[in-house]
Amino acid sequence: MNVKVALVFLALSLITIFALTYVLLTSHGGSSQPPRCPSVSHSAQHWTHPGQSQLFADLSPEELTAVVSFLTQQLGPGLVDAAQARPSDNCIFSVELQLPPKAAALAHLDRGSPPPAREALAIIIFGGQPQPNVSELVVGPLPHPSYLRDVTVERHGGPLPYHRRPVLKAEYAQIWKHLKEVELPKAPVFLASVFNYNGSTLAPIHATPRGLRAGDRTTWIGLHHNISGVGIFLHPVGLELLLDHRALDPARWAVQRVFYLGRYYADLGQLEREFKAGRLEVVRVPLPLPNGASSLRPRVPPGPLPPLQFSPQGSQYSVQGNLVVSSLWTFTFGHGVFSGLRIFDVRFKGERVAYEVSVQECLSVYGADSPKTMMTRYLDSSYGLGSHSRGLVRGVDCPYQSTMVDVHVLVGKRAVQLLPGAVCVFEEAQGLPLRRHHNHLQSHFYGGLASSALVVRSVSTVGNYDYIWDFVLYPNGALEGRVHATGFVNTAFLSGGEESLLFGNRVGERVLGTVHTHAVHFKLDLDVAGLKNWVVAEDVAFKPVAAPWSPEHQLQRPQLTRQVLEREGLAAFPWGNPLPRYLYLAGNQTNAWGHQRGYRIQIHSPLGIHIPLESDMERALSWGRYQLAVTRRKEEESQSSSIYYQNDIWTPTVAFADFIDNETLLGEDLVAWVTASFLHIPHAEDIPNTVTVGNKVGFLLRPYNFFDEDPSIFSPGSVYFEKGQDAGLCNVNPVACTPHLAACVPDLPPFSYRDF
C-alpha cells in the first residue's frame, strides 16, 4: 500500500475516534455541563397591578419628592436643606409614611371599602422663628398632595420644645469643626506629644443624653484615634470634653469641662499649661497599626468557600413591591426611618394572624468611670434604625440567592437617599428537622420534615453596633422575631487600677470594654381569629392525690391552672415577676376539639436589668420595666418610645407606663408589648468584633389550639417510608430525588456592592 494512502487512512481513523469520543461524552444529557437550575428572583419585582393595595408600602422616591415640593410651597422659601442647616434655620428633617388608622385599613382589606388616603408624616425643624420648635405635619393625599395638618399636639400632648430636636448631621459637623478650630488649638503641644495628633488622627464619639436636665444641650465627647480602616471605637485616648452647644449661634458654643486620666480641668488651656509645667501625669498613646487587633482585614489567605445554600427548583416565594407571598404565608413589610423593619397584615393560609409586628426601641445603658461613658444611654430609634440600615452583603449578611430589596429614605437632607439592598428576603434551611419520628415499636416507619423558614431581614448599623433584625415565618404557623447584636464594643480609656475593672474587662493595652445592657422593645398587634381577643395564662401545679388503686400511697400529680387576665394591670409582668409558662391570646372561635383558638407568646431573653425606678430618666424608658405587657389597642398609643427622648429623657410627653391603666382586656383588640434584653460584659473575644453566637434575643408566636392539627403535615416536603419500602425511590421518598433534581448549576447573580 502506498505510504501516502496509509497516512490518509490513519488521519481519517483518528478523526473518527475523536468524533465518536465527543459524541459519547456529550450524549448523556446532550451536554458536558449540567443544566442550570430554575432562575431565582434576586431583586424585588415592581407592582404589576397598580390597584393592588399598598397601604403599608414605604413612600416611593416620587412621593417623597412630591411631599418636599409641597412643603416648600406651603411653608415658604425659608426652608434650608437639612444637610447644611444651622441651628437657627428652618428645614425638613424627615419624611416617611404615615400609617393609616387600623379601622380604615381593615375596612379596605377585609370588606372592600376604598383605601384610606395615602399620607406622609414630615418632621419640620423651625429654628428660624421667635419661638423655635419642632413640628410634625401630615401631608396628603399622595401621590399628589393638596393638604397638610399639624399633628404635634395630637401626637405629643403639646408643642415640642426646640431642645428636643434630633441632632442633624450638620450640627455634628459644626461640633467637630468647633472643637478642631477653637478648642483643640488651645493644647497643641499636649495633643501632639501625648496622642501624636496631626490635625486628622482624632475623632469624636458622643455621649447621650446631652446634659442632666430638660433644656440642656451639653454633650460629653470622647476622643479616639482615627486611622483609616481601623475601628475607632477600640482606641480611646483618655481625653473627654464637655461641650455646651445650646446656643443657636455656634460662635457662642464653649467647652465647659475637660476630663483626663481621672481628673477634671476647666478647659484645654489649663491642661496645656499643666503639661508644659511638668505637673501633668500623662499616658502616651501611640497610633494604632492599620493591621492591628482592631482591624477586620483578613489575617490568613482565602480558603475554600463556605457551605452554599441554594434552591435547585427555584424560590418558593415571590417579592412584589413590599408584598411577600409563599404557598403558606403572605405579608407586607415596611422600613420606618426611625423604627426600622416592620411587617403588616401577616396571614397564614389566607387567615390574618397579626396586623403589625414591629420594632419600637433599642436601648443600651453603659457604665464606666469616665463621664462620657457613665452618661451614655443610647436610644437608637432617635438615630434611625431604618435610615442606618446599610446595604447587605450577599453570602455574608444574607444567603447568596436572597432577594435584595432597595429602600429609599428622606432624612437629614432634602434629597431622597437610596439604601441599596437594605432588606433581604430568603428561605432559610435550618439543618434541623421541624418534626421527626423513627418508630421501632410494634411497627417500623420513619416520618419527618426538614425545617425551613421564610425570613425577611435588615441590619441597622448605629455607631459601633450592628443589629441584625429578622422576622421568621415557619411552616407550622409560628412567627419569630429576633435580633442578633454584633459590631464593635464601646470602650473607655483604662486609666485606673482595680476599681476600673468594676466596669468591665481589659481588652487592650489601655482599653476597657465597658459593661452595658441591651433592651429591645417589640410591638405585636395580634388578631387571633378576629379582632376580639382574650389574654389567658396557663401553668401547672403539683397536687397531692391518693392512688385510687392503692389509697395508702400518695402521688404528686401535675395539674393545669388557668386564668383569664381580665385587666391590663394583671397582664403586665415586670422583671422579677415570673411569667406564666403558657400565656396566649385567644379568639372567640374554637377549633374542632372545642378549645379557643390562640397564639402563644414566648420570650427568648435572659432575665432583664432595668434602670432603677427612682432614676429621673426611667419614665421615658418605662417600657423596659415589663418583660411582657398586654394593652387595649388605641391609635393614640401606637408607639412605646419617641425619637425626642434621646435629647430630653427627663420629661417624656408620652410614657409607656401610662398605657397600662387597668382597662378591660375581655374581647378587645389587643396589643402585646415584649421586651427582650441581655447583659454584655465585653471580654477579650469581643475584639475586634462581638460575634452573633450567644447574642440573640427575641420572641416566638406559636399556634396554640389555633388549628385542629399541625399544619406542617400538609407540607409537600414531608418524608415517610416504612420497613420493606425502597426509600431510595423518588415515588416513596422525595429526598431520594435530590441527586437528580439538584444536579444543576445554581442561578447565582454576579457579586456587587453599591453602598460605598
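Which residues does His178 touch, not counting residues up to four places away in sequence? In this predicted model, His178 is found in helix H5, and the residues that His178 touches beyond that limit are Glu183, Leu243, Pro250, Trp253 and Ala254. The relative accessible area of His178 is 9%, and because buried means under 20%, His178 counts as buried.

The helix that holds His178 was examined next. Helix H5 runs over residues 169-183, and its 15 residues reach 20 Å from the first C-alpha to the last, which is close to the 21 Å expected at 1.5 Å a residue. Alongside His178, the buried residues of H5 are Ala170, Glu171, Gln174, Ile175, Trp176, Leu179 and Glu183. The cover over these buried residues includes strand S7 (202-206), strand S8 (218-225), strand S9 (236-244) and strand S10 (254-260), and it also includes helix H7 (268-276).

A separate part of the analysis concerned the pockets. The second largest pocket has a volume of about 1500 Å³, and of the 44 residues that line this pocket, Gln316, Glu427, Ala450, Ser452 and Gly717 are the closest to its centre. Two or more lining residues are given by each of strand S19 (417-439), strand S20 (445-462) and helix H9 (738-741), with S20 contributing the largest share of the lining, 8 residues. When the lining of the second largest pocket is sorted by class, 25 residues are nonpolar, 16 are polar and 3 are charged.

Notes
Residues numbered from 1 in each chain as written. Predicted model: local features only at pLDDT ≥ 70, side-chain atom pairs only at ≥ 80, totals over all residues. Heavy atoms only, no water. 1 Å grid on protein atoms, 1.4 Å probe; cavity = no way out; pocket = protein on both sides within 12 Å on 5 of 7 lines; lining within 4 Å. Points joined across faces, edges and corners; volume = space filled by probe spheres on them. Helix = DSSP H or I, 4+ residues; strand = E, 2+ residues; numbered from the N terminus. Nonpolar A, V, L, I, M, F, W, Y, C, P; charged D, E, K, R; others polar. Expected span 1.5 Å × (residues − 1). Buried < 20%, exposed > 50% of the residue type's maximum accessible area, 1.4 Å probe, protein only. Contact = heavy atoms within 4.5 Å.
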